[in-house]
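User: Hi! I am new to this structure and would like to understand its metal ions and its ligand. Could you take me through them step by step?

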Amino acid sequence: RAKAEGRGTFRFFERAMDEAVHRKQRLRVGLRTALDRGELDLHFQPLVEIRTGEVTCLEALLRWRHPDWGMISPAEFIPVAEEAGQIMRMGEWALRTACWEASRWPDAVRVAVNLSPVQFRNPGLVQVVAGALADSGLATGRLELEITESILLQEDQSNLTILRELSRLGVRIALDDFGTGFSSLAYLLRFPFDKIKIDRSFVTGLPARKEAKAVIRAVVSMSRSLGLSVTAEGVETAEQLDALRQLGCQDAQGYLFSRPVPAAEVGALIDKLRRSDGLVA
Ligand code: C2E
Ligand code: MG
Ligand code: MG
Ligand code: MG
């Protein structure tokens with residue numbers, strides 16, 4: 001009987017595995033046509049200057065409305081797109097669309113676009129970025145590119161060279177999800193960043209956890225002395241925002257201010273946040 005149960009459990013796992021593999025396969029196939037069928041969209045989430053409540057930037061976040069399964073999280077489909085070789089085309093589309101949308105926002109507001117490490121394998125990446133800026137007419141300094149530590153972890157120096165070229169173009173480089181990787185601070189500081197985004201996992205610990213506070217305080221102080229700006233990700237409560245203000249953090253991003261919204265709602269959102277000093281919920 002135990003044996004029979006064991007077999008049952010095994011079959012259950014086998015079926016779950018089959019389903020996961022099958023779903024991934026369907027996602028991979030669906031991604032090939034998602035762009036051409038107009039299933040992809042960009043939503044935008046504001047970064048707010050804590051001191052003034054002004055919107056300094058909006059981060060572009062991909063959305064995929066799957067014809068059968070509805071909204072699929074980028075946390076699920078980006079890795080599939082990276083594996084299936086679709087991320088170059090999708091990433092370029094996101095970049096071009098984001099620059100074009102931002103060209104219609106107030107001049108003081110920047111746009112941030114996430115870059116996949118896989119996009120750095122494209123020797124034409126710098127040209128792609130320059131092209132998106134030229135075609136949209138967006139001022140170079142209004143584009144911010146978000147990258148993660150993982151692109152710096154390879155021996156080969158080519159990613160650093162590309163980052164330097166992007167930086168020389170005049171776009172700003174932000175280090176995303178800071179604190180989740182394994183690189184040392186000293187190592188990170190060899191790269192030309194303009195901004196550090198502290199990962200949500202630290203912000204979640206505010207205001208209670210001493211360790212979270214200590215890390216944020218250290219990052220803020222280091223960034224200050226290096227002339228980098230600091231954004232806290234995933235701010236959901238007024239208590240977290242208060243703690244961040246006391247810690248000297250510059251900008252905040254999170255559901256406390258706004259969820260990511262469709263492009264058509266950005267103008268109204270900027271006005272609403274301005275009227276309420278950033279403190280809507
Ligand atoms: P990310 O770049 O770190 O983006 C922040 C994620 O946190 C977004 O999830 C955002 O909706 C979510 N978020 C923002 N505020 C809060 C909050 O207060 N609470 C909580 N719980 N979550 C919050 P999203 O949109 O699902 O994107 C997930 C990840 O997918 C992004 O993480 C980014 O790594 C990737 N991604 C999204 N769009 C693109 C893209 O165009 N290109 C690339 N390469 N990656 C993208
Ligand atoms: Mg990001
Ligand atoms: Mg992030
Ligand atoms: Mg993140």
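User: Which residue bridges the magnesium ion (ligand 2) and the magnesium ion (ligand 3)?

Analyst: Happy to help, and please keep in mind that this is a predicted model. The two magnesium ions, ligand 2 and ligand 3, lie 3.6 Å apart. For ligand 2, the coordinating residues are E59, N114, E146 and D176, while the protein donors of ligand 3 are D176, D177 and E233. The residue that bridges the two ions is D176.

User: At what distances is the magnesium ion (ligand 2) coordinated?

Analyst: E59 and E146 each offer an OE atom, N114 offers OD1 and D176 offers OD. Along the chain, these donors follow the spacing E-x54-N-x31-E-x29-D. The coordination distances are 2.0 to 2.2 Å.

User: How many residues apart in sequence are the parts that E146 and D176 tie together?

Analyst: Both residues coordinate the magnesium ion (ligand 2). E146 lies in strand 5 (residues 143–147) and D176 in strand 6, so the pair ties together parts whose separation in sequence is 30 residues.

User: What spacing do the donors of the magnesium ion (ligand 3) follow along the chain?

Analyst: D176 and D177 each give an OD atom and E233 gives an OE atom, at 1.7 to 2.6 Å from the ion. Written along the chain, the spacing is D-D-x55-E.

User: Now for ligand 1: which nitrogen or oxygen atom of ligand 1 lies 3.3 Å from a polar side-chain atom of E233?

Analyst: Let us take the polar contacts in turn. Q45 has a polar side-chain atom 3.0 Å from a nitrogen atom of ligand 1, and E236 has one 2.5 Å from a nitrogen atom of this ligand. For E233, the partner at 3.3 Å is an oxygen atom.

User: How much of the accessible area of ligand 1 does the protein cover?

Analyst: On its own, ligand 1 has 800 Å² of accessible area. The space it takes is the largest pocket. The share covered by the protein is 82%.

User: Which element gives the largest share of the shell around ligand 1?

Analyst: Ligand 1 is surrounded by 22 residues, and R63, N114, D176, E236 and Y255 are the closest. By class, the shell has nine nonpolar, five polar and eight charged residues. Two or more residues each come from strand 2 (55–66), helix 2 (74–83) and strand 6 (172–178). The largest share, four residues, comes from strand 2.

Terms used. Residues numbered from 1 in each chain as written. Chains lettered and ligands numbered in written order. Predicted model: local features only at pLDDT ≥ 70, side-chain atom pairs only at ≥ 80, totals over all residues. Heavy atoms only, no water. Near = heavy atom within 4 Å. Polar contact = N/O pair within 3.5 Å; in protein donor to acceptor, adjacent residues only side chain to side chain. Areas by Shrake-Rupley, 256 points an atom, 1.4 Å probe, with all protein chains shown as cover. 1 Å grid on protein atoms, 1.4 Å probe; cavity = no way out; pocket = protein on both sides within 12 Å on 5 of 7 lines; lining within 4 Å. Sits in = over half its atoms within 2 Å of the grid points. Nonpolar A, V, L, I, M, F, W, Y, C, P; charged D, E, K, R; others polar. Donors = N, O, S within 2.8 Å, 3.2 Å for Na, K, Ca; no water.
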